[in-house]
Structure formats: C-alpha cells, structure tokens
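Here is a brief report on a single chain. It starts with one residue, then turns to the fold and the charged pairs.

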Amino acid sequence: MDLDRNFLLAAGLAALAAYLMGSINFAVLVSRIYAKDDVRRHGSGNAGMTNMLRTYGVGPAFFTGVGDFSKGALAVLVGRMIFQQLGVTAMDGGFVGAAFVLLGHLYPIFFHFTSKKILEQLGNGHVTEKP
C-alpha cells in the first residue's frame, strides 16, 4: 500500500513540475527581454523558434531553442529525481517528465492552453530520455 501511495505521489509531483516547466514559453520571454516586444505580433503569429529567427535573427532564436531544449531535459531529470527520492522503481520518472513537459509546451497554462508546436519538444524529450 505504501508503494502505491509513493508511486502516485511521485507521478503527481513529476507531472505537475514538468507541466509547469513546459508551460514556460521561451520565445515570448526572449522577445520581451531582447526587443521589449511580443513575437506573437509578428510573422506567423506563433511563439516559436522559427518565428523568432525570422523576426529577430539567429541570436534570439538560438536562446529560444536552448530554453525549450533545457526545459525538456530538466523535466526528465526532475521526474527521475522525484521517483528516486520517493523510492519508486516501478518505472522511470523521466517518462512522466517527458510526457507532461510536452503537454505543458502544447497547452501552456500561462497562455490559455493554446499552442501550435509539437515537433521540437518531442525531439527534446527523446534525446534526454535515451541514456
């Protein structure tokens, strides 16, 4: 019974942490810091790395990509850490982290649950998940 409780607690904590990490939109953050503007007002209207590249250039697009990759990698590592700290070995917490960072990236709580991007985060989670 205690193992089931620890598993549910670990899965819930890892899912929540990863979802919140995924909800951080680095294109919006970088555009606000770099240009004091919102990238969604330009080009395709999408807050993604390609629109950052077209609108602001290589530097801001690079930092957007690094931020998005980092949140995917961090979510996997945090998921694993939470599962390890709670003694859960039934599955790898990195899978929970990868799944929920993707959901947060696609449907961010901070931007009214709307998004158009999926391929970048799928690749980020896959690269980090393979040891």
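Is R80 buried, partly exposed or exposed? R80 is partly exposed, with a relative accessible area of 26%. The model is predicted, so that value is computed from predicted coordinates.

**Fold**

The chain is helical throughout its list of elements. It has six helices and zero strands. From the N terminus on, the order is α-α-α-α-α-α. Of its 131 residues, 44% count as buried. The chain exposes about 7,500 Å². Carbon and sulfur atoms supply 69% of that area. Take the contacts between residues at least 6 apart in sequence: 60% of them join residues at least 24 apart.

**Salt bridges**

Side chains of opposite charge can pair when their charged atoms come close. The count here comes to five salt bridges. Three of these pairs, among them the one with R80, are set out below.

| Acidic residue | Basic residue | N to O distance |
|---|---|---|
| D37 | R41 | 3.7 Å |
| D38 | R40 | 2.6 Å |
| D92 | R80 | 3.2 Å |

**D92 and R80**

The closest N and O atoms of D92 and R80 are 3.2 Å apart. This pair links distant parts of the chain. D92 sits in the loop between α4 (58–85) and α5 (93–106). R80 belongs to helix α4. Twelve residues separate the two. D92 has 25% relative accessibility and counts as partly exposed. R80, at 26%, is partly exposed too. Both values lie between the 20% and 50% cut-offs, so neither residue counts as buried or as exposed.

**D37 and R41**

How does burial differ across this pair? D37 has 17% relative accessibility and counts as buried. That value is under 20%, which means it meets the cut-off for burial. R41 is exposed, with a relative accessible area of 67%. The salt bridge therefore joins a buried acidic residue to an exposed basic one.

**D38, R40 and R32**

D38 is buried, at 10% relative accessibility. R40 is partly exposed, with a relative accessible area of 31%. Their side chains meet at 2.6 Å, N to O. Which residues are linked with D38 in a network of salt bridges? R32 and R40 are. The network thus includes a buried aspartate, D38, and a partly exposed arginine, R40.

Methods
Residues numbered from 1 in each chain as written. Predicted model: local features only at pLDDT ≥ 70, side-chain atom pairs only at ≥ 80, totals over all residues. Heavy atoms only, no water. Helix = DSSP H or I, 4+ residues; strand = E, 2+ residues; numbered from the N terminus. Buried < 20%, exposed > 50% of the residue type's maximum accessible area, 1.4 Å probe, protein only. Contact = heavy atoms within 4.5 Å. Areas by Shrake-Rupley, 256 points an atom, 1.4 Å probe, with all protein chains shown as cover. Salt bridge = Lys/Arg side-chain N within 4 Å of Asp/Glu carboxyl O.
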